[in-house]
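This report describes how parts of one protein model pack together. Please look at the sequence and the structure before reading on.

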Amino acid sequence: MTADRRSSQWYGGTDRNAYIHRAWMRRGLPSHAFDGRPHIAIANTASDLTPCNTHLDEVAESVKRGVWEAGGVPMNLPVVSLGETLVRPTAMLWRNMAAMATEEMLRANPIDGVVLLGGCDKTIPSLLMAAASVDLPAVVVPGGPMLTGTFRGVQLGCGTDVWRLSEEVRAGTLSEQAFLRSESSMIRSRGHCNTMGTASTMACVAEALGTTIPGMAGTPAPDSRLLEGAHETGRLAVELVERDLRPSTLLTRGSFLNAIVALAAVGGSTNAVVHLLAIAGRLGVELSLDDFDRTGAGVPLLVDLQPAGRHLMEDLHRAGGLLAVLREVRDLLDPDALTVTGRPLTDHLDEARIWDETVIRPRDQPLQEAAGIAVLYGDLAPSGAVIKPAAASPDLMRHRGRALVFDSVEDMHARIDDPGLDVDASSVLVLRGCGPKGYPGMPEVANMPMPAKLLERGVRDMVRICDGRMSGTAYGTVVLHVAPEAAAGGPLGLVRTGDPIVLDVEARRLDLDIPPEDLAARLPSEAMRAAFAAPSRGWERLYVDHVMQAHRGADLDFLVGSSGDGVARESH
């Protein structure tokens, strides 16, 4: 028995407690399973109600085989699973709960390391937040994107084409029958969204952070190489325990800056901003909203993939994958930031190649010269807001227009298609009450639909401003994550319809062009305040009372930092 192994604190010895711990686990396990070899948890987010993760039980079996082969003992550990497409009011409401529950279960159980199985948007972030807080050796297996679907001979990007096709139905250019027929064609196989939405983005981010085996991110879910990689990850998890390589030593500021470079180069989701800030907060790594602009804004967009481009994740994988992208921007990466292999990320780029330059552009032929996340400040966003230039209309990046204000999502849905709506193509749509506290949970509603009367005239994009988020699969000139949110007293809550708003992305400004004294004299809209969340109990109450603003990652204030893996008391 290896006395200093964490699992040995449960299983080692001859007293009553050790007997209980071993005996109740002896349901087919041999006695040598408790001789001090590493016990590896497989934090598994498989769920029939998280359709993007339904295949992870199969992936877990491959991980188990790898753990056994390396001399460890695998333990499947189902954890909270959040499906972006189903749960209401928004999966983001429970990201912190999933992270907290996973952290507590990892700490409470006799394990020495963990393999994190995630796919759908919030699962990889919550797992990494948990692993950072408990600080046990950990490695990620991304569940992988689905295969490309087609309809009428044209590729469909899940998510992105939902937004596009639904707008064409509203505009009268696509029949409802045709729209519904495309439904069964869009989701072709197991796996998460095949666009560069949040799920694909977080898989790439996890690899750039160094938390996956290099080369795994973006492997399609049905691809047999995902199972091969899962097997190898199981083997690696045992090695991580032997080397005592923990998140607190692996994940440095350089790791996070590498992730920001990757985020920009692939045209990744703005949701990665709140997730990376939250993960860094669990580790005590210095990371701020401004780092996304300083480090990522000038990075060229190299991946021609929806929603910022044309192709889909299956194409990115065959074209060389994330490592081929990172090889092009190698000079922007921290050469000392390590991966779970124990070697720097940059060491894994030597053999990477671009096999299709229509999908992955060479550095000297980018899709856009500078397309990383831009961070805006000004009268409307004292603590910051973000915009994704790669998904925006260039002609709207500097814009002045009259505000059209919606006090809630319900207000927006009730009025957006009103033929009498006082709106034109130059208007700025403002939706508030959708931040972490206000909704609650900061939902993906910022990419508001175009007013029906403008769709009929051919308008497909407008400046939109919101204290919520938007789907990583979405597109448009959308300013989001406005902080402080309206429900936290932010100035967004004081805007009135007709107010002139000025957006200047190049100058990094978002301003309300009215005298400061006029703004100071205003009171928040009563209709807006009435729509704010006011939970009386349960998780929602805890969340609203303790959630931080978007520029701090929207984590709970008492979850910042880590508690380690120690458990002081016995259970019997």
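The largest nonpolar core has 94 residues, and those with the most contacts inside it are L116, F256, L276, L287, V325 and L431. A nonpolar core is a set of buried Ala, Val, Leu, Ile, Met, Phe, Trp, Tyr and Cys residues joined through side-chain atoms within 4.5 Å. Buried means under 20% relative accessible area, with a 1.4 Å probe and protein chains only. Helix α12 gives the most to this core, with 10 residues. Another core, of 27 residues, lies apart from it and includes V405, V495, L510 and L512. In soluble globular proteins, nonpolar side chains tend to be buried together.

The model is predicted: local features need pLDDT of at least 70, side-chain atom pairs count only at pLDDT 80 or more, and totals for chains, interfaces and linings use all residues. Residues are numbered from 1 along each chain as its sequence is written, and side-chain values use heavy atoms, with hydrogens and water left out.

Two residues show what such surroundings look like. Contact here means heavy atoms within 4.5 Å, and the table leaves out residues up to four places away in sequence.

| Residue | Residues touched |
|---|---|
| V325 | A265, V266, L302, V303, L316 and I360 |
| S408 | L431, R432 and A531 |

S408 sits in the loop between β9 (398-406) and α17 (409-415). S408 is buried, with a relative accessible area of 11%. Helices (H or I, at least four residues) and strands (E, at least two) are DSSP runs, numbered from the N terminus.

Helix α9 covers residues 198-209, and 12 of its 12 residues are buried, so α9 is largely enclosed by the rest of the structure. Among the buried residues are M202, V205 and L209, as well as E207. They pack against α5 (123-134), β4 (138-142), α12 (253-266), α13 (271-283), α15 (313-318) and α16 (321-328). The helix should span 16 Å, at 1.5 Å times one less than its number of residues. Its end C-alpha atoms are 16 Å apart, which agrees. Just after α9, G210 takes a positive phi of about 95°.

Helix α4 (residues 95-108) packs against α13 at an angle of about 35°, with their axes 13 Å apart. Axes are lines fitted to C-alpha atoms over the stretch in contact, and angles run from 0 to 180 degrees between N-to-C directions. R95, A99 and E103 of α4 meet V274, H275, A278 and R282 of α13.

Notes. Buried < 20%, exposed > 50% of the residue type's maximum accessible area, 1.4 Å probe, protein only.
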